[in-house]
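These exercises go through one structure step by step. Try each task before reading its solution.

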Amino acid sequence: MDEVELIRNCIHHKKEAQQILFERYFGKMMGVCLRYSKDIPQAQEILNDGFFSAFQTLKKYNSEMCFENWLKEIMISAAVKNLRNNRKEYLIASTVNAGDVKKNNDVLSEAKLETMDTETILHALQQLPPAYRVLYNLAVIDDISLKNIMENLDMSEETAIANISKAKFYLQKNLNAFV
């Protein structure tokens, strides 16, 4: 079944098509959800919420856009929603000042990063405080604009920039522990 037919069948609530679509994109979307989550159960929750939302809004899908990218955006939205719904758990208590981040000399080089396996990088990312993890993913990995980050997370530009810097700092420290 090609993608167009699969999407059409999903819009008509055909369970078999929904199962095929889920299985076809499960691995890649689980990878996205794992980057935003602290562990596998949370990633599964985000994934399920994301697919539920995708099936609910599939009629709005514009076929001129790559379906995988559209689905990825939904998964990212589900991850941000998860952050908002669990905001009490995600309060950032940091003893690091933005100035300390800029002075940090313990830089992880691109060359070292390229020699690390994906599992190590994912583990280091999952060790970040949740708000930093989400900010890092949005800004660095998924290349979401600062304006969109500020709107989605309801924060000022200064806060967003400072926390993205701190996220990079903590990720670097986590990765250096593995080198």
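**Exercise 1. Classify Asp154 as buried or exposed, then describe its backbone and its place in the chain.**

Step 1. Asp154 has a relative accessible area of 67%. Buried means under 20%, exposed over 50%, and partly exposed in between (1.4 Å probe, protein chains only). Asp154 is therefore exposed.

Step 2. The phi of Asp154 is positive, near 50°, and the residue is not a glycine. In general, most residues other than glycine have a negative phi.

Step 3. Asp154 sits in the loop between α9 and α10. Helices (H or I, at least four residues) and strands (E, at least two) are DSSP runs, numbered from the N terminus.

Before going on, note the basis of the values. The model is predicted, so local features need pLDDT of at least 70 and side-chain atom pairs count only at pLDDT 80 or more, while totals for chains, interfaces and linings use all residues. Residues are numbered from 1 along each chain as its sequence is written, and side-chain values use heavy atoms, with hydrogens and water left out.

**Exercise 2. Describe Asp143 in the same steps.**

Step 1. The relative accessibility of Asp143 is 64%, so Asp143 counts as exposed.

Step 2. Asp143, which is not a glycine, has a positive phi of about 50°.

Step 3. The loop between α8 and α9 holds Asp143.

**Exercise 3. State how many helices and strands the chain has, and what share of its residues is buried.**

Step 1. There are ten helices and zero strands.

Step 2. Of the 179 residues in the chain, 40% are buried.

Step 3. Contact means heavy atoms within 4.5 Å. Among contacts with a separation of 6 or more, 67% join residues 24 or more positions apart.

**Exercise 4. Find which helix gives the most to the largest nonpolar core.**

Step 1. A nonpolar core is a set of buried Ala, Val, Leu, Ile, Met, Phe, Trp, Tyr and Cys residues joined through side-chain atoms within 4.5 Å. The largest one has 38 residues, and Leu21, Phe51, Phe67, Leu71 and Leu153 have the most contacts inside it.

Step 2. Helices that each supply at least two residues of this core include α1 (3-11), α2 (15-36) and α4 (67-85). The most come from α4, with ten residues.

Step 3. Leaving out residues up to four places away in sequence, Leu71 touches Tyr25, Met29, Phe51 and Ala54.

**Exercise 5. Work out how Tyr61 pairs with Phe67, and Tyr132 with Tyr170.**

Step 1. Rings of Phe, Tyr and Trp (its six-membered ring) pair if their centres lie within 6.5 Å; planes under 30 degrees apart count as stacked, over 60 as edge-to-face and the rest as tilted. The structure holds nine aromatic pairs.

Step 2. For Tyr61 and Phe67, the ring centres are 5.2 Å apart and the planes stand at 90°, so this pair is edge-to-face. Tyr61 and Phe67 are both buried.

Step 3. For Tyr132 and Tyr170, the centres are 5.5 Å apart with 20° between the planes, a stacked pair. Tyr132 belongs to helix α8 and Tyr170 to helix α10, so the pair ties together parts 38 residues apart in sequence.

**Exercise 6. Count the disulfides.**

Step 1. A disulfide is a pair of cysteine sulfur atoms within 2.5 Å. The count is zero.

Step 2. Cys10, at 1% relative accessibility, counts as buried, whereas Cys66, at 40%, is partly exposed.
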